[in-house]
Amino acid sequence: MKSDFKVLLIYYNSRKMSLPPPAIAIFSRLLKDIDVNVVLFDTTLYNKKLEDSDSDAIREKNLAVSSFLDNLNEMKDNIGYKDADILDDLEKKVCDFKPNLLAATVTESTFENTVRLLKQIRHHRIPTLIGGVFATFAP
């Protein structure tokens, strides 16, 4: 029997920054195995980001990542980018899904924008967990 409990996983990711962490898949599977309804809100494919600067360009300049543009140009026709507003879409997702719990994974580079996402929906008063490497090692 399916549980009525719902978890919304939130992953703020700038395009070209990184792949979703394995923990998202692991927790999603573990929760689904006990019949919890799980949905992921992932910002990877949004064209409009929350940050004021191009974090991808900064990371490339500092050699933290290699350029993704060559591969991106080859894949453009196969990727459906979203022109919608991230904050509006998150609000809609919360209103439609009505989660009992929010869970987000963060790194140093995504922490502030994840907090911005969570502030947008805090009026719903949903219990929230923040995890990931940054939250674990720099609480």
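**Exercise 1. Locate Ile26 in this predicted model, classify it as buried, partly exposed or exposed, and identify the surface patch it helps to make.**

Solution. Step one is to place the residue: Ile26 belongs to helix H1, which covers residues 22–33. Step two is to read its relative accessible area, which is 49%; because the partly exposed class runs from 20% to 50%, Ile26 counts as partly exposed. Step three is to look at its partners on the surface, where Ile26 makes a nonpolar patch of about 320 Å² together with Phe27 and Leu30.

**Exercise 2. Find the two salt bridges of the structure and describe how the residues of each are spaced in their helix.**

Solution. Begin with helix H1, in which Arg29 and Asp33 are four residues apart and therefore separated by about one helical turn. Their closest N and O atoms are 3.0 Å apart, and the pair forms a salt bridge; Arg29 itself is partly exposed, with a relative accessible area of 46%. Then turn to helix H4, where Lys92 and Asp96 are likewise four residues, or about one turn, apart, and where their side chains meet in a salt bridge with an N to O distance of 2.7 Å. Asp96 has a relative accessible area of 51%, and so it is exposed, the class beginning over 50%. As a general point, side chains of opposite charge can pair when their charged atoms come close.

**Exercise 3. Describe the largest nonpolar core and state which elements give two or more residues to it.**

Solution. The core has 18 residues, and those with the most contacts inside it are Leu8, Ile10, Leu90, Leu102, Leu117 and Ile121. Sorting by element, two or more residues come from each of strand E1 (6–11), strand E2 (37–42), helix H4 (86–97), strand E3 (101–105) and helix H5 (111–121). Helix H4 gives the largest share, five residues. A second core, separate from this one, has eight residues, among them Leu9, Tyr11, Ile24 and Ala103.

**Exercise 4. Explain why the buried residues of helix H5 lie on the same side of the helix, and say what covers them.**

Solution. First list the buried residues of H5, namely Asn113, Thr114, Leu117, Leu118 and Ile121. Next consider their directions around the axis: they cover an arc of only 145 degrees, which places them on the same side of H5. Finally, the cover over these residues includes E1, H4, E3 and strand E4 (128–131).

**Exercise 5. Trace the contacts that Leu87 and Leu117 make, leaving out residues up to four places away in sequence.**

Solution. Leu87 sits in helix H4 and has a relative accessible area of 18%, so it is buried. Under the stated exclusion, Leu87 touches Leu50, Arg116, Leu117 and Gln120. Although Leu87 and Leu50 are 37 residues apart along the chain, their C-alpha atoms are separated by 8.7 Å. From the other side, Leu117 touches Ile10, Tyr12, Thr43, Leu50, Ile86, Leu87 and Leu90.

**Exercise 6. Set these details within the whole chain: what pattern of helices and strands does it follow, and what percentage of its residues count as buried?**

Solution. The chain has six helices and four strands, and read along the sequence they follow the pattern β-α-β-α-α-α-β-α-β-α. Of its 139 residues, 32% count as buried. Among contacts with a separation of 6 or more, residues 24 or more positions apart account for 85%. The accessible surface comes to about 9,000 Å², with 55% of it belonging to carbon and sulfur atoms.

Definitions and conventions. Residues numbered from 1 in each chain as written. Predicted model: local features only at pLDDT ≥ 70, side-chain atom pairs only at ≥ 80, totals over all residues. Heavy atoms only, no water. Patch = residues over 30% accessible without salt bridge, like charges linked within 9 Å, V, L, I, M, F, W, Y side chains within 5 Å. Areas by Shrake-Rupley, 256 points an atom, 1.4 Å probe, with all protein chains shown as cover. Salt bridge = Lys/Arg side-chain N within 4 Å of Asp/Glu carboxyl O. Buried < 20%, exposed > 50% of the residue type's maximum accessible area, 1.4 Å probe, protein only. Core = buried A, V, L, I, M, F, W, Y, C linked by side-chain atoms within 4.5 Å. Contact = heavy atoms within 4.5 Å. Arc of directions from axis to C-beta.
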